[in-house]
Amino acid sequence: MNYEELGFKSGLECHQQLETHKLFCSCPSLVNDEHDVDIKFERKLRASAGETGKVDEAAKYEMTKSKVFHYEGCSSSCCLVEMDEEPPHLVNMHALKTVLEVALLLNCKVLSQIHFMRKTVVDGSNVSGFQRTALVAVDGFIETSKGKVKIDTVCLEEEAAKKLEAKDEIIRYRLDRLGVALIEIATDASIKDAEHAKEVASQLGMILRSTGKVKRGIGTIRQDVNVSIKGHPRVELKGFQDLRSMPKVIENEILRQKEEKNGVSHVRKVNPDGTSTFMRPMPGASRMYPETDIPIIDITNDLMELIILPERLDVRALKLEKKFGLSADLAREVIECDIDLYSYKFKNLDIKFVANVLVNYPKEISKRFGLDASTLRDEQYREILGFLDAGMISKEAVMEIIVETLQGKKVNIEKYKAVDNSLLEEELKKIISENKGATMNALMGEAMKKLRGKVDGKKIMDTLKKLM
């Protein structure tokens, strides 16, 4: 696609849950609370007029559906605040400090005062009928492969409830996620193409994770992408979770807009197959009005002096590349997996092999054996690698011992005892003698059957070549 000829314009919004208690109460942010449900009630919602005195079009649209909302929750993760039966408590200052930290990492200008607003939401995802949100910083930027992308705004807001089921006129929601502290980052429309959008989203995610104060896992971060082409209004694509699908979804939206003659600005839901479906009209400024229950927060010099910026993950990965000779991808994955490679100190092991075991072996074990290697403790990895470092086992044995450990078997190290050079040559001579005329690959196969887990494959191959 020629994005320039299409008049392509795109910006994105990134929403990330913060690792702290909820924003306006002291309830823990257990977004998948497994305690027994002991709170149940239902509501019908209506839209309120915003500051302009008008009711937002998106809110009007939701009201026409005449839905009844059933809520359920656990007292372990929600209270009267989530039920909208008690005013919000004072703002979670840990969450605010995290947002200030991210704002500085994004080169933003922090506002001198924080004013919370109410954003009308009547689809049932907020019991009160509105979401509390505050503008924290503006006018930042990030550097990308295709130039600077401006960060228009950084906001602190509360997460919505989690939809469980929609059946006829009834929609069920779970309250454990409602009120979780959320940061929203919005770029301008300077994204150049679909792949560039993915790059920007990836970099924002990296910066957020650099703080060490955000939640990890499916559903903890979401991306919304705004897309328009020449002669067409802005459309918001909502709900990206897997960045790999972003280019395909954007390209599909461009094709859809090209075929549409009289388009109107609206919001679309991203589907797993890369398509999207209409959700509602595009909300406007009339959905916002002041939140009078929350005091204005002054951003003082004393508060800003408490903000200590972390080293960005990309900088940490670059240091690993240089110190240990890792590939860029492996260094990035070491950082993403939160592995302290500096603490793995062995006399004889190549640190690149150690990194490969810690990063790639779990993925291979999951794929080949269906086992969850994340249950293996750090000290177990160190023990197994220590056997290798001491020459007690071969590299080939490391994965097999990990697999046996995950299967709950008692590992017999003697079974994997490394074969010395003289014994290796003796065994290989016997295999050659018993398989006269066999190809090198056939001999290698026989040798691996007999010596697997005791000698490295490369060493077997090198010794066979020497004996042939």
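**From helix H11 to the second largest pocket**

Select helix H11, residues 395–406: Ala397, Val398, Met399, Ile401, Ile402, Val403, Glu404 and Leu406 are buried there. The model is a predicted one. Move just past the end of H11 to Gly408, which takes a positive phi of about 80°.

Next, show what packs over H11. The cover of its buried residues includes helix H9 (351–369) and helix H10 (378–389).

Stay with H9. This helix has 19 residues and spans 26 Å from its first C-alpha to its last, close to the 27 Å expected at 1.5 Å a residue. Centre on Asn360, where H9 has a kink of about 40°, shortly before the proline Pro362. Pro362 is itself among the buried residues of H9, together with Ile351, Phe353, Val354, Ala355, Val357, Leu358, Val359, Tyr361 and Ile365. Elements covering these buried residues include H7, H8, H10 and H11.

H7 and H8 lead to the last stop. Helix H7 (313–324) and helix H8 (328–336) each give two or more residues to the lining of the second largest pocket, as do helix H4 (194–210) and strand S12 (221–228). Select H4 among these: with 9 residues, H4 gives the most to the lining.

The volume of this pocket is about 1,200 Å³. To find its centre, select Ser202, Arg209, Leu243, Arg332 and Glu336, which lie nearest to that point among the 34 lining residues. Which classes of residue make up the lining? Colour by class to see 15 charged, 10 nonpolar and 9 polar residues.

Terms used:
Residues are numbered from 1 along each chain as its sequence is written. This is a predicted model: local features need pLDDT of at least 70, side-chain atom pairs count only at pLDDT 80 or more; totals for chains, interfaces and linings use all residues. Side-chain values use heavy atoms; hydrogens and water are left out. On a 1 Å grid over the protein atoms alone, a cavity is a set of points where a 1.4 Å probe fits but cannot get out, and a pocket is an open set with protein on both sides within 12 Å along at least five of seven lines; lining residues have an atom within 4 Å of a point. Grid points are joined across faces, edges and corners, and a volume is the space filled by probe spheres set on the points. Helices (H or I, at least four residues) and strands (E, at least two) are DSSP runs, numbered from the N terminus. Ala, Val, Leu, Ile, Met, Phe, Trp, Tyr, Cys and Pro count as nonpolar, Asp, Glu, Lys and Arg as charged, and the others, Gly among them, as polar. Buried means under 20% relative accessible area, exposed over 50%, partly exposed in between (1.4 Å probe, protein chains only). Contact means heavy atoms within 4.5 Å. The expected span of a helix is 1.5 Å times one less than its number of residues. The bend at a residue is the angle between axes fitted to the seven residues ending there and the seven starting there.
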